2 protein chains.
Amino acid sequence: MDVQVERRRIEVDRQAVLATRISPPVRLPGILFVHGWGGSQRHDLVRAREIAALGCVCVTFDLRGHEHPPLDRDRVSREHNLRDLGVVHDWLCQDFRVDTEQIAVVGISYGGYLAALLTSLRPVRWLALRSPALYKDAGWNRPKQALHEDPDLMPFRHRRVSPAANRALAACARFRGDVLLVGAENDEIVPSPVMSNYQRAFSQARTLTTRLLTGADHALSDRRDQQAYTAILIRWLSEQILSRRSNSARRALARPDLS
Amino acid sequence: MDVQVERRRIEVDRQAVLATRISPPVRLPGILFVHGWGGSQRHDLVRAREIAALGCVCVTFDLRGHEHPPLDRDRVSREHNLRDLGVVHDWLCQDFRVDTEQIAVVGISYGGYLAALLTSLRPVRWLALRSPALYKDAGWNRPKQALHEDPDLMPFRHRRVSPAANRALAACARFRGDVLLVGAENDEIVPSPVMSNYQRAFSQARTLTTRLLTGADHALSDRRDQQAYTAILIRWLSEQILSRRSNSARRALARPDLS
């Protein structure tokens, strides 16, 4: 669904003026936000609001186990939450305004891990991961909480892991869209080797943009780090979405019948 | 037509996740470009393309007397061209996608003068004038070309003129929308007293943003001045349009039933 260009002669005083109308695409990008473990969609609303203003349909949601009050959080598995993400993605794509070839998924921490996995199950064009977590594949259906009982989880997050050895990284290695990867310099929960594993995995991405929030911790406890992340995300999405629309208008205006 | 916010329970595995969808307004801003005397809509197409990408319906057109080949240019009056502008404005507003409360008019030189006049005849929310020309009211129906035979035209452009004494400035004095006023430092056709007359006239504008292109001439002969003007215009329009949408989303999300 591209930018439309239309030429029209408009009558005035029994003469005519030649006018050109350039209209944005009828279908809009759809942006899906995935919060981190222990978070909620409330954390995504400010960013969703700003991005909706760019002319996108935005969806936030609460992962299972994160209702208010939270029910059964200690029984929720990655499989459960990945299914949550799938049905919400489907709901977004069912919106008649949404161009299903223009879906962005924006995930933080555990939500970034799920977002990476989703790319192997649903169409995703843009993937924005902030401090995406990494887990071993083993125990896929175990409660997510229980994964942290493994004394080797943090050592695992300091090791080099190849896409062949990890389901989330394998999804990244197959991903051919555009990627934003934002890390926090002093992140002890998702340390820099995890970021490197993700970065290496995106070898087939159309474009890769990495950013580092200097002095920030995993939760971006300092409000200024939150603002910096929001600014990075909005700038990147604007660039991706607006440049795509502008290119489509350039092509439309270059049509021989309009020159 | 404001940003829409919708809460929905989506079923998954016989449970439900709570999702929020934030959608941009259904109606889009409409942007009307008015070229200068001796120009053509071709000069506006790059800017129109960039602004359409922001999610606006853009219209450019050739003023009467500026067809290819130009017919009767020496017989065209301000009245003729203002009627041209009126019918093209109506065509833009008839587009079902366009929110008629969100119309911007962008005019250069003589086109800026016409754009100022249009605000007294049609709804205009945003007015962007680049080096708007100024003419005496007398001889309204004379050919526009003939106005330049008056030896007092350039002295007039160096005098202080009040809204009470000039139809275009009177329209500016009644205008209550947002204004961008861009001048060229070395403009000999629209010298700085004209810019000052316009600036003073906008005493009731909701907001006023003035910018000066340092070292530029009236035609912006240097390509870099063209680029600087385009950047100023796009930044201003983005700010106006996106901040309006973002505020509307903020209000929508603050509704008690969504908190």
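Which residues are buried in helix 3 of chain A? The exercises below start there. The model is predicted.

**Exercise 1. Describe the burial and packing of helix 3 of chain A.**

Solution.
- Step 1. Take the extent of the element. Helix 3 of chain A covers residues 110-118.
- Step 2. Apply the cut-off: buried means under 20% relative accessible area.
- Step 3. List the residues that pass. They are Y110(A), G111(A), G112(A), Y113(A), L114(A), A115(A), A116(A), L117(A) and L118(A).
- Step 4. Count. The tally is 9 of 9 residues, and the helix is mostly covered.
- Step 5. Find the neighbours. The buried residues of helix 3 pack against strand 3 (28-34), strand 5 (98-108) and strand 6 (126-130) of chain A, and also against helix 2, helix 5 and helix 6.

**Exercise 2. Place N81(A) and list what it touches.**

Solution.
- Step 1. Locate the residue. N81(A) belongs to helix 2 of chain A, residues 78-94.
- Step 2. Classify it. N81(A) counts as buried because its relative accessibility is 0%.
- Step 3. Leave out residues up to four places away in sequence. N81(A) then touches W37(A), L63(A), R64(A), V76(A), Y110(A) and L114(A).
- Step 4. Look back to helix 3. Y110(A) and L114(A) are among its buried residues.

**Exercise 3. Sort the ring pairs by geometry.**

Solution.
- Step 1. Count the aromatic pairs. There are 10 over all chains.
- Step 2. Take F175(A) and F202(A). Their centres are 6.4 Å apart, with 75° between the planes. Planes over 60 degrees apart count as edge-to-face, and this pair is edge-to-face.
- Step 3. Place both rings. F175(A) is in the loop between helix 5 (167-174) and strand 7 (178-184), while F202(A) is in the loop between helix 6 (192-201) and strand 8 (207-213). The pair links distant parts of chain A, 27 residues apart. Both F175(A) and F202(A) are buried.
- Step 4. Compare chain B. Y110(B) and Y113(B) are stacked, at 6.5 Å centre to centre and 25° between the planes. Both lie in helix 3 of chain B, 3 residues apart, about one turn of the helix. Y110(B) and Y113(B) are both buried.
- Step 5. Look for a cluster in chain A. Ring pairs join W37(A), Y110(A), Y113(A) and Y135(A).
- Step 6. Add the charges. K144(A) lies over the face of Y110(A), 5.1 Å from the ring centre. The charged end of R167(A) sits over the ring of W140(A), at 4.0 Å from its centre.

**Exercise 4. What relation holds between chain A and chain B?**

Solution.
- Step 1. Superpose the chains. A turn of 180° with a shift of 0.0 Å along the axis lays chain A on chain B, with an RMSD of 0.1 Å.
- Step 2. Name the relation. That is a two-fold axis.
- Step 3. Check the surfaces. The same surface serves both copies, since 100% of the contact residues of chain A recur in chain B.
- Step 4. Size the contact. Chain A gives 53 residues and chain B gives 53 residues. The buried area is about 4,500 Å², with 58% from carbon and sulfur atoms.
- Step 5. Find the top contributors. R21(A), R49(A) and W91(A) supply 17% of the area that chain A buries against chain B, more than any other three residues.
- Step 6. Count the charged links. There are 6 salt bridges between chain A and chain B. D13(A) and R64(B) form a salt bridge, with the closest N and O atoms 2.7 Å apart.
- Step 7. Extend to a network. Salt bridges link E6(A), R8(A), R21(A), D95(B) and R97(B).

**Exercise 5. Survey the salt bridges and the exposure of their partners.**

Solution.
- Step 1. Count over all chains. The total is 38 salt bridges.
- Step 2. Take R142(A) and E149(A). Their closest N and O atoms are 3.7 Å apart. R142(A) is partly exposed at 40%, and E149(A) is exposed at 60%.
- Step 3. Take R224(A) and D222(A). The N to O distance is 2.8 Å. R224(A) is exposed at 60%, and D222(A) is partly exposed at 29%.
- Step 4. Take R122(B) and D90(B). Their closest N and O atoms are 2.8 Å apart. R122(B) is in the loop between helix 3 and strand 6 (126-130) of chain B and D90(B) is in helix 2, so the pair ties together parts 32 residues apart in sequence.
- Step 5. Classify this last pair. R122(B) is partly exposed at 25%, and D90(B) is partly exposed at 27%.

Technical notes: Residues are numbered from 1 along each chain as its sequence is written. Chains are lettered from A and ligands numbered from 1 in the order in which they are written. This is a predicted model: local features need pLDDT of at least 70, side-chain atom pairs count only at pLDDT 80 or more; totals for chains, interfaces and linings use all residues. Side-chain values use heavy atoms; hydrogens and water are left out. Helices (H or I, at least four residues) and strands (E, at least two) are DSSP runs, numbered from the N terminus. Buried means under 20% relative accessible area, exposed over 50%, partly exposed in between (1.4 Å probe, protein chains only). Contact means heavy atoms within 4.5 Å. Rings of Phe, Tyr and Trp (its six-membered ring) pair if their centres lie within 6.5 Å; planes under 30 degrees apart count as stacked, over 60 as edge-to-face and the rest as tilted. A charge sits over a ring if NZ of Lys or CZ of Arg is within 6 Å of the ring centre and within 35 degrees of the ring normal. Copies are superposed by least squares on the C-alpha atoms of residues with pLDDT of at least 70 in both. Buried area is the accessible area (1.4 Å probe) that two parts lose on being put together, summed over both. A salt bridge is a side-chain nitrogen of Lys or Arg within 4 Å of a carboxyl oxygen of Asp or Glu.
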